[in-house]
Amino acid sequence: MLISIEGIDGAGKTTQVNMLSDFFRTKLNKMVYITKQPTNFYRSYDRFKSYIYGKIDTENSKILYELALIAATDKLRHYETEILHNESDIIISDRYIHSTYAYFLARGIEELVWLKEINKFLPMPQFTFYLDINIKEALSRIIKRDNTITNEEKNLKTMSFVRDNFILQPWGISENYYIIDGGGINNSPEKIHENIVQIILNNM
């Protein structure tokens with residue numbers, strides 16, 4: 001079973017990935033493999049780093065299309081090397097295909113059909129959980145966490161578009177895609193975890 005946890009930075013994805021992994025291992029005695037997208041293959045790409053830190057003029061560059069192609073390559077490579085032949089009962093990915101759509105559409109690529117075409121060989125997860133959070137709250141969490149932030153994360157307009165995409169799902173509504181309230185002082189990580197577990201158990 002492949003489960004993806006989606007959301008903008010600061011949404012609490014890593015916490016929920018780890019809690020869900022512990023649940024499957026200790027409560028259901030399942031073999032669990034945790035992984036993450038994008039991989040360092042993409043994150044270390046010099047043009048990607050230049051883009052997110054605002055060193056490339058996107059108005060006069062095809063950089064977004066270049067990065068989308070590199071991201072698609074990274075995801076397919078990651079799937080074939082870490083997921084396809086993995087013998088674990090449960091594979092949990094911190095981000096997956098929906099992040100590609102949400103972010104690149106928000107960055108300015110309008111050709112959704114093209115985005116889906118270059119990612120068509122990547123299978124959909126059995127469960128996708130999008131952790132929804134106010135972008136200002138997410139920004140505050142990022143700063144508290146590591147005191148570093150990219151130009152993209154500081155751009156509230158772009159991040160608002162990313163959030164809207166995750167909620168509206170312009171790539172197509174799926175019954176296996178669940179929007180989870182991941183913010184607010186009364187919505188603890190434990191409550192979010194319980195919600196996710198209940199959905200999985202009710203639909204396995």
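**Figure 1. Buried residues of helix 4 in the predicted model.** Helix 4 buries I63, L64, L67, A68, A71, A72, D74, K75, H78, Y79 and I83. Viewed down the helix 4 axis, these buried residues fall within an arc of 170°, so they line one face of the helix. An α-helix has 3.6 residues a turn, so residues three or four places apart point the same way. Helix 4 covers residues 63–83, 21 residues in total. At 1.5 Å a residue it should span 30 Å, and its end C-alpha atoms lie 28 Å apart, which agrees.

**Figure 2. The contact of helix 4 with helix 5.** Helix 5 comprises residues 97–107. The two helix axes come within 11 Å and cross at roughly 175°. An angle over 145 degrees counts as roughly antiparallel, and that is how helix 4 runs relative to helix 5. Helix 4 contributes L64, L67, A68, A71 and K75 to the contact. Helix 5 contributes I97, T100, F104 and R107. By class, the contact residues are six nonpolar, one polar and two charged.

**Figure 3. Surroundings of H98 in helix 5.** Is H98 buried or exposed? H98 is buried, because its relative accessible area is 5%, and buried means under 20%. Which residues are in contact with H98, leaving aside neighbours within four places in sequence? They are E6, M124, T128, F166, W171 and Y177.

**Figure 4. Surroundings of I34 in strand 2.** Strand 2 spans residues 32–36. I34 is partly exposed, with a relative accessible area of 34%. Not counting residues up to four places away in sequence, I34 touches V17, N18, S21 and I92. I34 and S4 are 30 residues apart along the chain. Their C-alpha atoms are separated by 10.0 Å.

**Figure 5. Buried and exposed residues of helix 9.** Helix 9 takes in residues 156–168, 13 residues in all. From first C-alpha to last it reaches 18 Å, close to the 18 Å expected at 1.5 Å a residue. T158, M159, V162, N165 and F166 are buried in helix 9. Seen down the helix 9 axis, these buried residues fall within an arc of 115°, so they line one face of the helix. K157 and L168 are exposed on the other side of helix 9.

**Figure 6. Elements covering the buried residues of helix 9.** The cover includes three strands and three helices, listed here:
- strand 1 (2–6), strand 4 (127–132) and strand 5 (177–181);
- helix 5, helix 7 (135–146) and helix 8 (151–154).

F166, one of the buried residues of helix 9, is in contact with H98, and H98 lies in helix 5.

Key
Residues numbered from 1 in each chain as written. Predicted model: local features only at pLDDT ≥ 70, side-chain atom pairs only at ≥ 80, totals over all residues. Heavy atoms only, no water. Helix = DSSP H or I, 4+ residues; strand = E, 2+ residues; numbered from the N terminus. Expected span 1.5 Å × (residues − 1). Buried < 20%, exposed > 50% of the residue type's maximum accessible area, 1.4 Å probe, protein only. Arc of directions from axis to C-beta. Axes fitted to C-alpha atoms, helices over the stretch in contact; angles between N-to-C directions. Parallel < 35°, antiparallel > 145°, perpendicular 65-115°, else oblique. Contact = heavy atoms within 4.5 Å. Nonpolar A, V, L, I, M, F, W, Y, C, P; charged D, E, K, R; others polar.
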